Amino acid sequence: MKKFKLYYDKDKGEAFLNDMSAKGYAMKRFFLGMYTFEKCQPNEYTYRVDLISDKTVEQRNELYDLIRDSGGELVQTWGIWAIFRKKGNFELYTDPESQIKQFRRIATRYDKLAQSFLSFVHLACAFVWLA
């Protein structure tokens, strides 16, 4: 199954992926707004999205290893984001201090991202129009 969605808000993107999981669809890949899903058990996975553009390659690999060691997996990276999933429920940032730090990272990144995002929307619309 394929669905076209563009999200500027990571929480809405996460909610969409978790809603699809609740309906029995697991994300397989993503490209230019086009999500590809495969069947799974309803609510089999919980998805989390994290900003990775402000991390070094070493920090990213440490994060990926941490997720893997906890039973999760990296589904895909796309631009500034990494999409993770794990069977059952999980959170990337559980303590208030880490959550605040994450929100600051994202807010700072979005300030720099508005023009880039608009360009991405135009590119994605052209891709859909050509498809």
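This report describes a sheet, two helices that pack on it, and one buried leucine in a predicted model.

## The sheet

Three strands form an open sheet in the order S4-S6-S5, and their pairing is antiparallel. S4 and S5 are the edge strands, as each of them pairs on one side only. From one strand to the next, the twist averages 25°. Strand S4 covers residues 45-51, strand S5 covers 72-78 and strand S6 covers 81-87.

S4 and S6 run antiparallel and are joined by seven bridges. Two pairs of residues illustrate this part of the sheet. Threonine 46 has lysine 86 in S6 as its bridge partner. Tyrosine 47 stands opposite arginine 85, which also lies in S6.

## Strand S4

S4 is an edge strand, yet this strand is mostly covered, with seven of its seven residues buried. The covering applies to both faces of S4. One side carries Tyr45, Tyr47, Val49 and Leu51, and the other carries Thr46, Arg48 and Asp50; all of these residues are buried.

## Helix H1

Helix H1 consists of residues 10-22. Its 13 residues reach 18 Å from the first C-alpha to the last, close to the 18 Å expected at 1.5 Å a residue. The buried residues of H1 are Lys10, Gly13, Glu14, Phe16, Leu17, Met20 and Ser21. These residues lie on the same side of H1 because they cover an arc of only 160° around its axis.

H1 packs on the sheet, where it touches S4 and S6. The direction of H1 makes about 160° with that of S4. Just after the helix comes glycine 24, which takes a positive phi of about 95°.

## Helix H2

Helix H2 spans residues 57-69 and has 13 residues. From its first C-alpha to its last, H2 reaches 18 Å, close to the 18 Å expected at 1.5 Å a residue. Its buried residues are Leu63, Tyr64 and Ile67. They cover an arc of only 95° around the axis, and therefore sit on the same side of H2. Glu58, Leu66 and Asp69, on the other side of H2, are exposed.

The cover over the buried residues of H2 includes strands S4, S5 and S6. H2 packs on the sheet and touches these three strands, S4, S5 and S6. Its direction makes about 145° with that of S5. The helix is followed by glycine 71, whose phi is positive, near 95°.

## Leucine 51

Leucine 51 belongs to strand S4. Within that strand, Leu51 is on the side that also holds Tyr45, Tyr47 and Val49. Its relative accessibility is 1%, and buried means under 20%, so leucine 51 counts as buried.

Along the chain, leucine 51 and tryptophan 78 are 27 residues apart. A distance of 10.0 Å separates their C-alpha atoms.

Terms used. Residues are numbered from 1 along each chain as its sequence is written. This is a predicted model: local features need pLDDT of at least 70, side-chain atom pairs count only at pLDDT 80 or more; totals for chains, interfaces and linings use all residues. Side-chain values use heavy atoms; hydrogens and water are left out. Helices (H or I, at least four residues) and strands (E, at least two) are DSSP runs, numbered from the N terminus. The expected span of a helix is 1.5 Å times one less than its number of residues. Buried means under 20% relative accessible area, exposed over 50%, partly exposed in between (1.4 Å probe, protein chains only). The arc is that of the directions from the helix axis to the C-beta atoms. Contact means heavy atoms within 4.5 Å. Two strands pair if DSSP finds at least two bridges between them. Axes are lines fitted to C-alpha atoms, for helices over the stretch in contact, and angles run from 0 to 180 degrees between N-to-C directions.
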